[in-house]
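Welcome! Please open the sequence and the 3D view side by side, and keep both in sight as you read. We will go through the sheets, a few residues and a cavity.

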Amino acid sequence: MRKRTLFSLAAGTVAAGAATLAYASLVERNMFTLRRFDVPVLDPDAEPLRILHISDMHMMPEQRRKQRWVAALAATDPDLVVVTGDNMADPASVPGVLRALQPLLERPGAFVFGSNDYRGPVFKNPFSYFDPNREYVQGVELPADELRQVLVDAGWHDLNNARTTLKAGGRVIELCGVDDPHVDRDDYPLVAGAVSDAADLHVALTHSPEPPLLDLMAADGFDLLLAGHTHGGQVCVPLYGALVTNCGIPRSMVKGLHRWPGSDSWLHVSAGLGTHPTAPIRFSCPPEATLLTLIPR
């Protein structure tokens with residue numbers, strides 16, 4: 001009797017694990033979700049301004065469902081589109097990325113890249129993410145320059161270690177960004193400095209939300225800081241949250257909208273739309289894009 005009970009428990013555990021894995025890999029990773037937040041950063045009496053934040057698509061060429069879903073985001077009528085990197089997961093990904101972004105390229109836009117815009121992913125032991133000192137291993141080279149050129153030719157601003165202003169939603173917006181700090185490509189001193197009083201809004205971009213960098217951006221007076229990279233933890237425990245963030249940010253800020261500590265700046269971390277191709281699962285953390293409606297303070 002005891003052996004039968006133990007066998008039943010073991011079999012039940014295996015069945016539950018298999019069902020959870022099937023749900024995470026076949027269902028939730030395709031449950032694309034549009035998040036919405038109001039961000040109080042505008043002057044009194046200012047009209048709202050909509051920013052569509054897209055991150056971490058990790059696009060594979062055949063992911064037509066994801067491509068169609070992102071393309072349909074044009075219906076949200078954003079004033080500005082911001083992409084915070086890790087667009088690709090394969091050397092043949094550029095056409096798929098463009099199918100996704102094409103309807104949005106008609107809007108004012110800006111982007112920074114992540115490590116998976118330059119080099120492809122490689123298989124990793126999932127438990128290695130708990131080791132902050134693990135060696136970073138890069139995969140096959142990706143066509144970052146090709147993607148960059150297409151986006152720039154469409155009129156979007158390349159903010160990889162760059163700073164600019166643009167007009168969107170009837171406002172002058174100052175934008176600043178860095179290349180991916182996760183692989184030491186960032187050079188914030190190149191673009192650092194107090195925000196311009198001539199702009200109505202100040203927005204800073206980075207792929208990986210590293211606290212020392214965010215401190216500098218907030219100290220320079222940027223109203224809104226936008227990042228991705230974390231995948232929201234990708235695999236989360238209900239009522240507990242993310243197990244890891246894959247960067248220096250605390251687990252409590254792994255996704256969503258937060259006031260950056262010690263400043264007047266707001267931080268939005270996107271949980272992203274994709275997964276690592278060798279770990280195509282999400283659990284308690286659906287893929288997402290975000291529509292940020294900026295409103296008066």
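Two strands count as paired if DSSP finds at least two bridges between them. With that in mind, strand β7 (residues 171-177) and strand β8 (residues 201-205) run parallel and are joined by five bridges. Please remember that this is a predicted model. As background, strands of a sheet pair through backbone hydrogen bonds, either parallel or antiparallel.

**The sheet that holds β7 and β8**

- This open sheet is formed by six strands in the order β6-β7-β8-β9-β13-β12, and the pairing is mixed.
- At its edges you will find β6 (162-168) and β12 (256-259), each of which pairs on one side only.
- From one strand to the next, the twist averages 25°.
- For a single pair to look at, take Leu175, whose bridge partner in β8 is Val203.

**The sheet that holds β2 and β14**

- Another open sheet of six strands follows the order β1-β14-β2-β3-β4-β5, again with mixed pairing.
- Here β1 (33-42) and β5 (157-158) stand at the edges; each has a single partner strand, so one side of each is left without a neighbour in the sheet.
- Strand β2 (residues 49-54) runs parallel to strand β3 (residues 80-83), and four bridges join them.
- Within that pair, Ile51 stands opposite Leu80 in β3.
- β2 is also joined to β14, this time by five bridges, and these two strands run antiparallel.
- In this second pairing, Leu52 stands opposite Leu291 in β14.
- In general, the side chains of a regular strand alternate between the two faces of the sheet.
- Is β2 mostly covered or mostly open? It is mostly covered, as five of the six residues of β2 are buried.

**Thr290, a residue of β14**

- You can find Thr290 in strand β14, which spans residues 288-296.
- Why does Thr290 count as buried? Its relative accessible area is 0%, and buried means under 20%.
- The side chain of Thr290 makes a polar contact with the side chain of His268, at 3.3 Å.

**Gly228, a residue in a loop**

- Gly228 belongs to the loop between β9 (224-227) and β10 (236-237).
- Although Gly228 sits in a loop, Gly228 is buried, with a relative accessible area of 0%.
- How many residues apart in sequence are Gly228 and Gly272? They are 44 residues apart in sequence, while in space their C-alpha atoms are 6.4 Å apart.

**The cavity**

- How many cavities of 30 Å³ or more does a search of the whole structure find? The search finds one.
- The largest cavity holds about 40 Å³ of space.
- Its lining is made up of Arg29, Asn30, Gln63, Lys66, Leu273, Gly274 and Thr275.
- Sorted by class, these lining residues are one nonpolar, four polar and two charged.
- Glycine is counted among the polar residues here, so Gly274, one of the lining residues, belongs to the polar class.

Definitions and conventions:
Residues numbered from 1 in each chain as written. Predicted model: local features only at pLDDT ≥ 70, side-chain atom pairs only at ≥ 80, totals over all residues. Heavy atoms only, no water. 1 Å grid on protein atoms, 1.4 Å probe; cavity = no way out; pocket = protein on both sides within 12 Å on 5 of 7 lines; lining within 4 Å. Points joined across faces, edges and corners; volume = space filled by probe spheres on them. Axes fitted to C-alpha atoms, helices over the stretch in contact; angles between N-to-C directions. Buried < 20%, exposed > 50% of the residue type's maximum accessible area, 1.4 Å probe, protein only. Polar contact = N/O pair within 3.5 Å; in protein donor to acceptor, adjacent residues only side chain to side chain.
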